[in-house]
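Reader: I would like to go through this model with you, one question at a time, and hear the reasoning behind each reply.

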Amino acid sequence: MNLNTYQALAIRTAKPLDPDENLVHAVMGLAGEAGEFADCIKKHLIYSQPLNRANAMEELGDLMWFVALACKALDVPMEHIAQMNIDKLAQRYPDKYADTLAAQRLDKQGT
């Protein structure tokens, strides 16, 4: 499934709100779901519980839903945001990740 198809299918389940309300809903949802994902990983790494992969994947899906909602509020396709991110990373890390390149932030020079 491509991201724009996902976005359309996810948004059909969103409460009808105006764009600003959708932005608030999205940011609050992203914060909450990020916390739930972090809690899942904390239980594994700090409390030595087996990694609950099903829960981790569910929380990642919930994060994607709220990203789709934020994109709707901004009137931008998810694929556009994904491409912008890949373009930024390609500029910052032309071949692969390196600590020196992370510090240089080549994508931010000249802005």
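Reader: Is Ser48 buried, partly exposed or exposed, and what is its relative accessibility?

Author: In this predicted model, Ser48 sits in the loop that joins helix 2 to helix 3. A residue counts as exposed when its relative accessible area is over 50%. Ser48 passes that cut-off and is therefore classed as exposed, with a relative accessibility of 64%.

Reader: What is the phi of Ser48?

Author: Ser48 belongs to the loop between helix 2 and helix 3, and its backbone deserves a look of its own. Although Ser48 is not a glycine, its phi is positive, at about 55°.

Reader: Which residue in the loop between helix 3 and helix 4 has a positive phi although it is not a glycine?

Author: The loop in question runs between helix 3 and helix 4, the latter spanning 78–92. The residue there has a relative accessibility of 71%, and because exposed means over 50%, it counts as exposed. Its phi is about 55°, and the residue is Asp75.

Reader: How are helix 2 and helix 3 oriented to each other, parallel or antiparallel?

Author: Helix 2, which covers residues 19–45, packs with helix 3 at an angle of about 165°, and their axes are 8 Å apart. Angles over 145 degrees are counted as roughly antiparallel. The two helices, helix 2 and helix 3, are therefore roughly antiparallel.

Reader: Is the crossing of helix 2 and helix 3 left-handed or right-handed, and how do the residues of their contact divide?

Author: As to handedness, the crossing of helix 2 and helix 3 is left-handed. The residues that form the contact of helix 2 with helix 3 divide into 17 nonpolar, four polar and five charged.

Reader: Which helix gives the most residues to the largest nonpolar core, and how many does it give?

Author: The largest nonpolar core has 13 residues, and those touching the most other members are Tyr6, Ala10, Trp65, Ala68, Leu69 and Met78. At least two residues of this core come from each of helix 1 (3–11) and helix 3 (53–74). In soluble globular proteins, nonpolar side chains tend to be buried together. The helix that gives the most to this core is helix 3, with six residues.

Reader: Which residues does Ala68 contact, leaving aside its neighbours within four places in sequence?

Author: Ala68 is one of the residues that touch the most other members of the largest nonpolar core. With its neighbours within four places in sequence left aside, Ala68 is in contact with Tyr6, Gln7, Ala10, Ile11 and Met78.

Reader: How are helix 1 and helix 4 oriented to each other, and which residues make the contact?

Author: Helix 1 and helix 4 pack at an angle of about 140°, with 7 Å between their axes, and they are therefore oblique to each other. The residues of this contact divide into four nonpolar, two polar and one charged. They are Leu3, Asn4, Tyr6 and Gln7 from helix 1, together with Met78, Glu79 and Ala82 from helix 4.

Reader: Is Asp107 buried or exposed, and which residues does it touch?

Author: Asp107 lies in the segment that follows helix 5 (99–104). Buried means under 20% relative accessible area, and Asp107, at 10%, is therefore buried. Not counting residues up to four places away in sequence, Asp107 touches Lys88, Gln91 and Arg92.

Reader: How far apart are the C-alpha atoms of Asp107 and Met78?

Author: Met78 is among the residues that touch the most other members of the largest nonpolar core, whereas Asp107 lies in the segment after helix 5. Along the chain, Asp107 and Met78 are 29 residues apart, and the separation of their C-alpha atoms is 21 Å.

Reader: Is Ala8 buried or exposed, and what is its relative accessible area?

Author: Ala8 has its place in helix 1. The limit for an exposed residue is over 50%, so Ala8 is exposed, with a relative accessible area of 51%.

Technical notes
Residues numbered from 1 in each chain as written. Predicted model: local features only at pLDDT ≥ 70, side-chain atom pairs only at ≥ 80, totals over all residues. Heavy atoms only, no water. Core = buried A, V, L, I, M, F, W, Y, C linked by side-chain atoms within 4.5 Å. Buried < 20%, exposed > 50% of the residue type's maximum accessible area, 1.4 Å probe, protein only. Helix = DSSP H or I, 4+ residues; strand = E, 2+ residues; numbered from the N terminus. Contact = heavy atoms within 4.5 Å. Axes fitted to C-alpha atoms, helices over the stretch in contact; angles between N-to-C directions. Parallel < 35°, antiparallel > 145°, perpendicular 65-115°, else oblique. Left-handed = near helix turned anticlockwise from the far one by under 90°. Nonpolar A, V, L, I, M, F, W, Y, C, P; charged D, E, K, R; others polar.
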